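Here are a few short exercises to work through with the structure at your side. Try each task on your own before you read its solution.

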Amino acid sequence: MTKTLIGIGNAAVDAVVHVADDTALEELNLVKGGCVFATDGDATMERAIEQYPDRLETPGGAAANAICAYAALTGKARFIGKSGLDAHGEFFKKSLERFYVAYETEPTTETQSTFLFAFVTPDKERTFLSNHGASHKISPSDVKEEWFTPDTSLIMDGYMLMSGGGPSAMLQAMDYAKTHESEIIFMPCSLSVIDNNRDLIDEIVHRSHAIICNADEAKALTSSTTIHEACKKIQDCGEYQWGVVTLGSDGAFYFTDATSGIVEIPYSPETICNTNGAGDNFSGGLIYGLHHGMDIKDAIRLGHECAIHVIQQDGPRPDGWLDHLLKSYKVAT
């Protein structure tokens with residue numbers, strides 16, 4: 001039976017802005033490489049909107065980005081996330097329809113769609129200022145039990161833990177996944193998420209079958225000072241069936257019940273626009289590979305190719321179908 005990837009996360013629209021140096025971040029009191037969370041009417045958000053009218057707006061959201069990469073490889077996917085009944089919400093919905101992603105969450109009229117700035121500095125690092133807006137209004141009732149089967153995997157966006165109704169909706173999805181033997185995959189997504197949600201993170205980690213994170217997140221999750229120590233702790237925790245820790249230009253560390261190692265990046269692109277969405281698209285490609293019979297090393301290589309594709313453009317989503325990337329792999333149907 002065909003596998004389906006279900007993602008739960010923020011239905012976000014990103015405003016990508018290239019800034020000349022870190023001064024722009026300092027003026028807005030942002031933490032480079034991190035995410036500052038705003039509310040409706042927030043003065044910093046209003047200042048950014050006024051200061052950067054020529055921003056490039058693109059659909060985003062960590063889980064949604066991963067889902068779209070998976071779907072762009074011709075995978076079957078579903079997204080759960082709350083948008084507003086506004087232009088940004090419609091824009092987000094159409095971005096999923098492009099890749100035939102099922103999206104049935106009812107929008108809210110109580111607030112605007114999730115909107116965030118992604119500031120890109122010359123070193124291609126991205127820094128976020130986010131108003132989760134409509135994502136605060138998601139609830140367990142938005143998660144339907146009939147979507148979950150033994151042939152579905154659930155990927156969870158850590159940023160949802162920063163939304164009012166996000167934690168309860170995520171826990172509901174995990175309950176349904178457990179009941180119907182669906183795989184549960186966790187993406188922490190941010191140091192801010194980890195630092196502000198230690199108790200919930202511990203519960204999610206305990207109930208997840210797999211984890212995908214970067215080196216800094218791995219160290220934060222395990223209270224480690226080195227990436228070597230962090231990878232060993234994650235591998236030895238006894239909870240995960242598999243996991244991948246991305247190591248930037250050094251590739252990715254992986255482990256399963258039977259093996260572990262490092263997979264190098266297949267090649268480096270000549271041009272990098274920014275790194276926004278790289279990890280999300282890596283996750284989508286990796287999971288697609290695992291769902292379609294690849295061993296974990298080949299699945300990681302496919303994930304790297306999806307990430308390489310997206311960092312050569314401004315938006316955090318594929319700019320078209322990615323099935324041409326599959327030509328180098330043996331894919332089970």
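**Exercise 1.** Decide whether Phe115 is buried or exposed in this predicted model.

*Solution.* Start with the value for the residue: Phe115 has a relative accessibility of 5%. Next, recall the cut-off, by which a residue under 20% relative accessible area is buried. Phe115 therefore counts as buried.

**Exercise 2.** Classify the ring pair formed by Phe115 and Phe117, using the angle between the planes.

*Solution.* First look at the distance: the two rings lie 5.6 Å centre to centre, and rings pair if their centres lie within 6.5 Å. Then take the angle, which is 80° between the planes. Planes over 60 degrees apart count as edge-to-face, and that is the class of the Phe115 and Phe117 pair. As a last step, check the partner: Phe117 is buried too, at 0% relative accessibility. You can now widen the view, as ring pairs link Tyr52, Phe115, Phe117 and Phe119 into a cluster.

**Exercise 3.** Find out which parts of the chain are linked by the pair of Phe79 and Phe92.

*Solution.* Begin with the geometry: Phe79 and Phe92 are 5.5 Å centre to centre with 55° between the planes, a tilted pair. This is one of 12 aromatic pairs in the structure. Now place each residue: Phe79 sits in strand β5 (residues 76–80) and Phe92 in helix α4, so the pair links distant parts of the chain, 13 residues apart. Finally, check the surroundings of each ring. Phe79 is buried, with a relative accessible area of 0%, and Phe92 is buried as well, at 0% relative accessibility.

**Exercise 4.** Work out the order of the strands in the open sheet, and which strands form its edges.

*Solution.* Follow the pairings across the sheet: its 5 strands come in the order β3-β8-β7-β2-β4, with mixed pairing. The edges are β3 (35–38) and β4 (56–60), each of which pairs on one side only. From one strand to the next, the twist averages 25°. For a closer look at one edge, go to β3, which runs parallel to β8 (residues 126–131) and is joined to that strand by 4 bridges. Ala38, for example, has Asn131 in β8 as its bridge partner.

**Exercise 5.** Identify which strands are touched by helices α2 and α4.

*Solution.* Take α2 (residues 43–51) to begin with: this helix packs on the sheet and touches β3, β7 (114–120) and β8, its direction making about 65° with that of β7. Then turn to α4 (residues 87–97), which also packs on the sheet, touching β2 (12–18), β4 and β7. The direction of α4 makes about 60° with that of β4.

Terms used. Residues are numbered from 1 along each chain as its sequence is written. This is a predicted model: local features need pLDDT of at least 70, side-chain atom pairs count only at pLDDT 80 or more; totals for chains, interfaces and linings use all residues. Side-chain values use heavy atoms; hydrogens and water are left out. Two strands pair if DSSP finds at least two bridges between them. Helices (H or I, at least four residues) and strands (E, at least two) are DSSP runs, numbered from the N terminus. Axes are lines fitted to C-alpha atoms, for helices over the stretch in contact, and angles run from 0 to 180 degrees between N-to-C directions. Contact means heavy atoms within 4.5 Å. Rings of Phe, Tyr and Trp (its six-membered ring) pair if their centres lie within 6.5 Å; planes under 30 degrees apart count as stacked, over 60 as edge-to-face and the rest as tilted. Buried means under 20% relative accessible area, exposed over 50%, partly exposed in between (1.4 Å probe, protein chains only).
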